[in-house]
Amino acid sequence: MYATGNRLIFYLGILVVLMSCEARGPPWVSRRVDERQTARLGRTVRLPCPVEGDPPPLILWVKDGRNVNQGYSRYRVLKQSLKIKEVEMEDAGVYICRVTNGFGSIALNFTLIVIDDAVVTQNKPPPVAEPNAENILQDPTGQPWVKPRFSQPTKMRRRVLEQPVGSSVRLKCLASGNPPPAISWWKDHTRLVPPRQGKRPQWTLTLKNLQPQDSAKYTCHVSNAAGHINATYKVDVIERTNSKPILTGTHPVNTTVQFGGTASFQCKVHSDVKPVIQWLKRVDPGTEGRYNSTLEVGGQHFVVLPTGDVWSRPDGSYLNKLAIVKAREEDAGMYICLGANTMGYSFRSAYLTVQLGRLMNNISLSFFF
């Protein structure tokens with residue numbers, strides 16, 4: 001009787017663990033946040049990322065397409081926010097908070113606008129009651145003054161662009177305001193000459209037949225009497241090479257997971273240009289009919305798996321992860337990470353083993369009751 005009681009307690013303990021595991025899931029947003037954030041020049045600002053999860057998620061911040069890392073001296077990644085000290089004009093841009101915990105991922109987008117109080121004060125129009133106010137500062141329509149703002153911020157999210165030699169790129173800075181703003185384009189610290197005088201504002205800068213010497217920072221300055229804004233694009237022109245992607249490190253590695261658990265593979269690829277990273281799973285002979293389509297390589301069949309975001313890393317490599325949630329027996333097998341660019345491809349395989357120990361315990365528990 002004593003042994004039977006111990007066995008009952010043991011099985012009940014397993015049941016509690018199973019129930020607690022079922023509560024786990026993808027991360028979620030705990031409160032609503034504004035996509036437009038403002039900061040005063042020289043002050044401190046916190047960009048919120050109120051995301052929680054079980055298990056606790058990993059957080060990655062991206063600014064204008066580039067990961068925020070420890071080399072950013074004024075930036076500090078906190079638990080649910082990004083803290084920026086002594087804000088500068090160059091801190092303006094598009095920020096993304098990417099959160100993942102193996103069960104899923106969330107991305108929150110922010111546009112940070114930096115306000116220079118000194119410039120706003122200098123360009124503030126004089127009171128209407130002043131009899132000696134200069135006519136050039138008066139709005140003839142009687143409409144209120146409006147500082148420039150970008151009209152299509154979603155088309156300006158990618159601020160770091162890697163382009164191969166000979167390609168073309170279009171940089172957009174469409175803006176509105178009152179009075180109607182003017183725009184000028186700069187390459188590093190040199191102002192670019194407009195196409196021809198008398199033409200409409202050049203809201204889009206088109207660069208054709210790119211060459212290595214075109215690599216630079218391109219900035220649009222938009223201004224009117226009420227204030228000014230700017231946005232900077234970083235263009236890297238990459239010479240074509242005969243180098244195919246290289247899988248660095250040891251990943252993916254053979255992995256073992258309990259039945260119903262979550263397994264993950266990761267793949268790190270080094271490439272001169274952004275590669276395509278794809279995950280494949282080998283199909284057991286005779287089961288090809290279960291899938292809509294398969295690839296045949298060397299007499300073996302593979303199914304293409306859904307691929308998540310490819311993250312660029314400070315060392316010039318690219319990272320991609322694959323998560324197998326609620327693993328089943330049929331999830332076991334060979335998985336391949338394949339990295340490809342225009343010059344070729346490389347791949348590496350790893351095996352997933354699904355242990356049925358937990359499943360057997362569930363069966364025993366059902367039989368006992």
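Which residue forms a disulfide with Cys 173, and how far apart are their sulfur atoms? I would like to start there this morning, and then move outward to the rest of the protein. The partner is Cys 220, and the two sulfur atoms lie 2.0 Å apart. Please keep in mind throughout that what we are looking at is a predicted model, and that the values I quote are computed from it.

Let me stay with that bond for a moment. The link of Cys 173 and Cys 220 is left-handed, with -75 degrees about the S-S bond. Cys 173 sits in the loop between strand 13 (169-172) and strand 14 (175-178), while Cys 220 belongs to strand 18 (residues 216-224), so this disulfide ties together parts of the chain that are 47 residues apart in sequence. Both cysteines, Cys 173 and Cys 220, are buried.

Now let me step back to the whole protein. It has 369 residues, and 35% of them count as buried. Its secondary structure is made up of three helices and 29 strands. If you take the contacts with a separation of 6 or more, 69% of them are between residues 24 or more positions apart. The accessible surface comes to about 22,400 Å², and carbon and sulfur atoms account for 52% of that surface.

With that background, we can return to the disulfides, of which the structure holds three. One of them joins Cys 49 to Cys 97, with a distance of 2.0 Å from S to S. Cys 49 is in the loop between strand 3 (45-48) and strand 4 (51-54), and Cys 97 is in strand 9 (residues 93-100), so here the bond ties together parts that are 48 residues apart in sequence. This link is left-handed, with -80 degrees about the S-S bond, and Cys 49 and Cys 97 are both buried.

Another disulfide is formed by Cys 267 and Cys 337, whose sulfur atoms are 1.9 Å apart. This pair links distant parts of the chain, since Cys 267 is in strand 22 and Cys 337 is in strand 28, 70 residues apart. The link of Cys 267 and Cys 337 is also left-handed, at -85 degrees about the S-S bond. Cys 267 has a relative accessible area of 0%, and therefore counts as buried; for Cys 337 the relative accessibility is 0% as well, so Cys 337 is buried too. If you number the bonded cysteines in sequence order, the pairing reads 1-2, 3-4, 5-6.

Let us turn next to the aromatic rings. A search of the whole structure finds four aromatic pairs. One of these is formed by Phe 265 and Tyr 335, whose ring centres are 5.4 Å apart and whose planes make an angle of 35 degrees, an arrangement described as tilted. Phe 265 lies in strand 22 (residues 263-270) and Tyr 335 in strand 28 (residues 333-341), so that the pair links distant parts of the chain, 70 residues apart. Phe 265 is buried, with a relative accessible area of 3%, and Tyr 335 is buried as well, at 2%. Ring pairs also bring in Trp 279, which forms a cluster together with Phe 265 and Tyr 335.

A ring can also have a charge over it, and we find an example at Tyr 233, where the charged end of Arg 159 sits over the ring, 5.7 Å from its centre.

Next along the chain from Arg 159 we come to Val 160, which is found in strand 12 (residues 160-164). Is Val 160 buried or exposed? Its relative accessible area is 19%, and buried means under 20%, so Val 160 counts as buried, by that cut-off. Leaving aside residues up to four places away in sequence, Val 160 touches Asp 64, Arg 66 and Lys 234. Val 160 and Arg 66 are 94 residues apart in sequence, yet their C-alpha atoms are 7.0 Å apart in space.

My last stop is Asn 67, which lies in strand 6 (residues 66-67). Asn 67 is buried, with a relative accessible area of 9%, and a polar atom of the Asn 67 side chain lies 2.3 Å from the backbone oxygen of Ser 312.

Terms used. Residues numbered from 1 in each chain as written. Predicted model: local features only at pLDDT ≥ 70, side-chain atom pairs only at ≥ 80, totals over all residues. Heavy atoms only, no water. Phe/Tyr/Trp six-rings, centres within 6.5 Å; stacked < 30°, edge-to-face > 60°. Helix = DSSP H or I, 4+ residues; strand = E, 2+ residues; numbered from the N terminus. Buried < 20%, exposed > 50% of the residue type's maximum accessible area, 1.4 Å probe, protein only. Lys NZ or Arg CZ within 6 Å of the ring centre and 35° of its normal. Contact = heavy atoms within 4.5 Å. Areas by Shrake-Rupley, 256 points an atom, 1.4 Å probe, with all protein chains shown as cover. Polar contact = N/O pair within 3.5 Å; in protein donor to acceptor, adjacent residues only side chain to side chain. Disulfide = S-S within 2.5 Å.
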